[in-house]
Amino acid sequence: MKHYSATDFPMHNENPEITENPPQETTTESRENSPPTEPVSVPETEPVTVPPEPSPAPQNVTEIISYKDALPNELHILPLFNRPFFPHQVIPLVIDSAPWIDTINAITETPQKLVGLLVVKNENPLDAQPDDFYRMGTACRVHRVAEFEDKIQIVVEGLQRFRVEEWLSQQRPFVVQPVYHPEPRSDKEESKPYVLAIINIIKELLPLNPLYHEELKVFLQRFSPDEPSPLADFAASLTTSSRDELQDILETLPLLKRLEKVLFLLNKELQLSKAQAEIRQQVEEKMQKHQREFFLHEQLKAIQKELGLEKDDKTSEIEKFRKRLAELTVPEAAMKRIDEELEKFSMLEVGSAEYGVTRNYLDWLTALPWGKYSEDKLDMDAAREVLDREHEGLADVKDRIMEFLAVGKLKGSISGTILLLVGPPGVGKTSIGRSIATTIGRHFYRFSLGGIHDEAEIKGHRRTYIGAMPGKFIQAIKDIESANPVIMLDEIDKIGASYRGDPASALLEVLDPEQNVDFLDHYLDVRFDLSKVLFICTANQLDTIPAPLLDRMEMIKLSGYLTSEKLQIAKKHLVRRQLEKSGLTDEQLLVADDTLLQIIEGYAREAGVRNLEKRIGTISRKAALKLLQNAPLPITVTPENLSDYLGKPLFEDEQAIKGVGVVTGLAWTAMGGATLSIEAIQIHNYTRGFKLTGQLGDVMKESAEIAYSYIVSEAEKFGVSRSFFENAFLHLHVPAGATPKDGPSAGITMASALLSLAKNLEVPQNIAMTGELTLTGQVLPVGGIREKVIAARRVKIYDLILPHANKRDFDDLPDYIKEGVTVRFVMQYPEVAEILWGGAV
């Protein structure tokens, strides 16, 4: 490490003209954490002694020139970044060695040991070019240089302002030709008011920041407060102003104007310091208040403990747990586990890791409603009234629920039954479950199983895991504070499985009346009786529910609503609900029955009423906007202006497709029943062939091939020449092409379309059919009869052909669905042909 001693760079007296004063010792101090200086930490330098000025020379000897009069014509430049350096300051600087060592060496080789300090405009001084420097800086004398590791520490003393006249070196080491600006002389009377104002503000700043004391002490050792120029520069260096504001002070040469700007910055600094002091005082007062309260609480605890009035936290927790247990009827096995855990808990240290785990475990065990049951209200008349009030239609579903409640009334309690409500979205499955809970007076809890992939959601996590919790069922029991609630498991058909387990398999224990009496949650690790809980599950379809799980549930099917039922639901429930949501009243918005019918037919034909409610909500919101725009009241929505609210209808009146080879079939979907027209055409007669389109599934493709094979094999029996099929290339299409379709129920419909094409005869209008066809012509039963009949009624088709084996399903339908519907039941396909064409077969 290379050192240059202080004697190599003697510090000159700042005021050489005043020769009568004795020589002074000036100590260069490192001001750590001082905002006006470069943010560096350096060791305190050794005192540098200023030698006395020489005595006046005799007249015959040449007069000695002051160093101020001998400032060099060339200056080496070092960069500053945070803030400029003012004359009359003495501070240490630390710079990187590698880029600036050549500059430092060049400075030390000059007789004056002077350097120019300029502020860099950009953020990285290493990349600075001449255009990146401010033009005004401070010429400084270097008093000490020391290298350590990759840094250089220098102590500099500010001498005089200078402006860059010309850059003599464009690369490091930078050299400029300076123009010096000596300190201006001014009338002390003119500057006195500014000086006094600055001194008064500094006096106010001193109590607010202890660092200002050290700064002021160093300044007063070297200058008098009555010297305005050093005072202005010193006051500016005290502030935490921005780089640009301080650079403006450095570049302001007129003394009075500089004093005025410094006074402005000092006032800003004073306000900032006062605000900081107020904040610090508030924080200290708040901390003192909290400390005082803490000590008083601790003293109070100690006094109460001495008097036997207060116990420690652990004792209080144990007493809380035992108080809970006194109000519960806990089984013997669970009570034994709780006693063991309480005994272990009493011996644990409060700060130990196991203390929190055991405390949470005991909190769960004692918070469960052991032996607490809601009293069932099995009033059959009240139950029927609730179901009729909250649900329109669904007479068969209501009857099934009433039967379920009747059995519970005879037994004295409702338990051991798991209901499964199956139906399309929006038909009221969840609301029916809530109505059942209201009817029997039990608490209701619902959670969705859709997307659950972890069996720990059902049976809990083991306590060895961090953040372990019980499963959903135990959480529900704790939240409801009753051991016999109604728990609805929504979307049970959408439960998943992953590497973390199969939740559907975990549900087998929960939903089995023979097993859930001793349900074991992994977290609790004690048996809890779930046999008194009434479980109600919902699903849109049965295909994705595992067979063992489905076997444990009693199924109630909810089909779609008829148009008349949707109208009553909208009038009694949906319109009122949407008016309340929109802040409207019956007098402000009127929606007539014929308008509701138009909404149902043109915008909401699905099986449920969810989309219907959305459409009514759209009307309500637009009516609310019109109301705020001062529209005349009441706002009436009619079939004529309905499109202004909902746009063009999504569904047009279905026109029966006429023509040879076109037959209407009935299908079941997860959204309810639907009608579809199956089309068959002959493409050409050059070669024999059969083509299928319509995004058909494997089962439906097989049904089409069976229908083709059957019609070809029995062609002569139906009055069709066999030669027709020998040369005909046929195409069978099932609209709509973008909708996937599968299932065997379109067998007789496809056969009828092919036979119609072969006989060149149209199928009678307003007739629809469904049924599976075999190669021998038998018509087998299909599912979804209720949904299919409702779908036919929805499009005003009242003449149906169904398999004879489905007669029982049709007879079980409510009378309001069967009303006006003519059904022909068939066992063999020739019966279908006879119905369609009579003697033409």
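Two residues are in contact here when they have heavy atoms within 4.5 Å of each other. Keep that in mind as you click around this predicted model.

**Stop one: a residue in a strand.** Select strand S8, residues 151–169, and pick out Gln160, which is found there. Is Gln160 buried or exposed? Its relative accessibility is 7%, so Gln160 counts as buried. Now show what surrounds it. Leaving aside residues up to four places away in sequence, Gln160 touches Leu71, Pro87, Gly137, Thr138, Ala139, Tyr180, His181 and Pro182.

**Stop two: a pair of helices.** Next, select H17 (residues 563–582) together with H18 (residues 593–603). Two packed helices are described by the angle between their axes and the distance between the axes. For this pair, the axes come within 10 Å and cross at roughly 115°. The crossing of H17 past H18 is right-handed. Which residues make the contact? On the H17 side, turn on Thr563, Lys566, Leu567, Ala570, Lys571 and Val575. From H18, add Asp593, Leu596, Leu597, Ile600 and Glu601. Colour them by class and you'll get 6 nonpolar, 1 polar and 4 charged residues.

**Stop three: an enclosed helix.** Move on to H24, residues 785–794. How many of its residues are buried? The count is 10 of the 10, so H24 is largely enclosed by the rest of the structure. Click along the helix and you'll meet charged names among the buried ones, including Arg786, Glu787 and Lys788. Ile785, Val789 and Ile790 are buried too. Finally, step past the end of the helix to Lys796, which follows H24 and has a positive phi, near 65°.

Methods
Residues numbered from 1 in each chain as written. Predicted model: local features only at pLDDT ≥ 70, side-chain atom pairs only at ≥ 80, totals over all residues. Heavy atoms only, no water. Axes fitted to C-alpha atoms, helices over the stretch in contact; angles between N-to-C directions. Helix = DSSP H or I, 4+ residues; strand = E, 2+ residues; numbered from the N terminus. Left-handed = near helix turned anticlockwise from the far one by under 90°. Buried < 20%, exposed > 50% of the residue type's maximum accessible area, 1.4 Å probe, protein only.
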